[in-house]
Amino acid sequence: MILLTGGSGQLSSLIAQRARAAALDIRIGSRRADETDESRRRVDFDDPHTLDFRGIDTLMMISAGYAEDDVVIRRHDAVIAAAIQSGVRHVVYTSLSGSGDHLAFALAHRWTEKRLKGSVLHWTILRNGLYAELIGALAAPVDGEIRAPFGTAPISPVAREDLADAAMEVLKAPAAHAGRTYELSGVKAWSVADLAEALGASYRPSSLEAARASLANAPLKPFQPPMLMSIYSSAAAGFLQTPSTDLPALLLAPPRETLAIAAAAAGASG
Ligand SMILES: NC(=O)c1ccc[n+]([C@@H]2O[C@H](COP(=O)([O-])OP(=O)(O)OC[C@H]3O[C@@H](n4cnc5c(N)ncnc54)[C@H](OP(=O)(O)O)[C@@H]3O)[C@@H](O)[C@H]2O)c1
């Protein structure tokens, strides 16, 4: 039996749809359980009482990364310890692409990878690239102009749906993917200048200083501005272009067109 965490999240929802369509034996864990749905159970990485994984062979562990590093590490440590304690055989973990090493949220992912690799568990690490949907939302034009400081270097975002498809391929036969780390970025790189052109918008990136100042006035938690700033800095410095990706090797169909996906997300957010 598979247990998929983060059930109400966007990536998890896409994986759950596919798993049900493929008739995989799967249960959904979420902080919000549904008493009327037997296939859902309460799983909150912050609540040890909900981390009982007995009877689960494969745990699809969706990272719970919206927090300070110590909180994320504590969460992920608790889940891995509970998986070992419960006799789970295999953990599939959604990590971050190698090209994301300079992002402020990379540390907790790398810590989790190390923790899994040093455990008795079988593991597969899905090093997900930044979502095209996220880049589009961050680069949404205002009054026809994109000001987000992504620079002009190409970046290699990936479609969330492709990441769900890749996760499904692993969940169909976890043992065949044991001990593997997959780099899952997009196959085509493009810049935010290309995105502006696709949207018929102009691109006039602000300075990092101006972006940081405007984030200081936004309704964000303290850990969020450094995360966002690190996305801008990494993109502008050219680190978010991934030289190679395992995505096509895992997918049964060609990867989706990420520029169009980012443009749709930018249109929806702008
Ligand atoms: N590659 C990227 O561009 C990118 C961008 C943003 C985030 N991420 C990471 O990838 C994950 C999945 O992305 P997404 O698009 O599905 O994000 P999302 O829609 O915002 O979902 C957030 C997820 O975090 C889970 N979560 C939060 N706190 C939790 C806790 N205490 N215990 C258990 N689960 C918890 C939620 O599960 P429930 O609400 O169901 O409990 C939900 O699945 C995110 O959580 C984040 O770590 C990646």
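User: What volume does the largest pocket have?

Analyst: About 1,200 Å³. Keep in mind that this is a predicted model.

User: How do you know what takes up the space of the largest pocket?

Analyst: A molecule sits in a pocket if more than half of its atoms lie within 2 Å of the pocket's grid points. The ligand's space is the largest pocket, so the ligand counts as sitting there.

User: What makes the backbone atom of Phe45 a polar contact of the ligand?

Analyst: The cut-off for a pair of N or O atoms is 3.5 Å. A backbone N or O atom of Phe45 is 2.9 Å from a ligand nitrogen, so the pair counts. Gly129 also has a backbone N or O atom 2.9 Å from a nitrogen of the ligand, so that pair passes too.

User: And why is the side chain of Asp46 called a polar contact of the ligand?

Analyst: One of its side-chain N or O atoms lies 3.4 Å from a ligand nitrogen. That is within 3.5 Å, so it makes the list. As for cover, the protein hides 89% of the 870 Å² of accessible area that the ligand has on its own.

User: Which residues come nearest to the ligand?

Analyst: Gly6, Ser8, Ser30, Arg31 and Ser63, out of the 24 residues around the ligand. By class, that shell has nine nonpolar, nine polar and six charged residues.

User: Which helix gives the largest share of the pocket lining?

Analyst: That's α8, with four residues. The lining has 39 residues, and Ser63, Ala64, Gly65, Tyr66 and Tyr131 lie nearest the pocket's centre.

Note on methods: Residues are numbered from 1 along each chain as its sequence is written. This is a predicted model: local features need pLDDT of at least 70, side-chain atom pairs count only at pLDDT 80 or more; totals for chains, interfaces and linings use all residues. Side-chain values use heavy atoms; hydrogens and water are left out. A residue is near a molecule or strand if one of its heavy atoms lies within 4 Å of it. A polar contact is a pair of N or O atoms within 3.5 Å; within protein, one must be able to donate a hydrogen and the other to accept it, and residues adjacent in sequence count only if both atoms are side-chain atoms. Accessible areas come from the Shrake-Rupley method with a 1.4 Å probe; for residues, only the protein chains shown count as cover. On a 1 Å grid over the protein atoms alone, a cavity is a set of points where a 1.4 Å probe fits but cannot get out, and a pocket is an open set with protein on both sides within 12 Å along at least five of seven lines; lining residues have an atom within 4 Å of a point. Ala, Val, Leu, Ile, Met, Phe, Trp, Tyr, Cys and Pro count as nonpolar, Asp, Glu, Lys and Arg as charged, and the others, Gly among them, as polar. Grid points are joined across faces, edges and corners, and a volume is the space filled by probe spheres set on the points. Helices (H or I, at least four residues) and strands (E, at least two) are DSSP runs, numbered from the N terminus.
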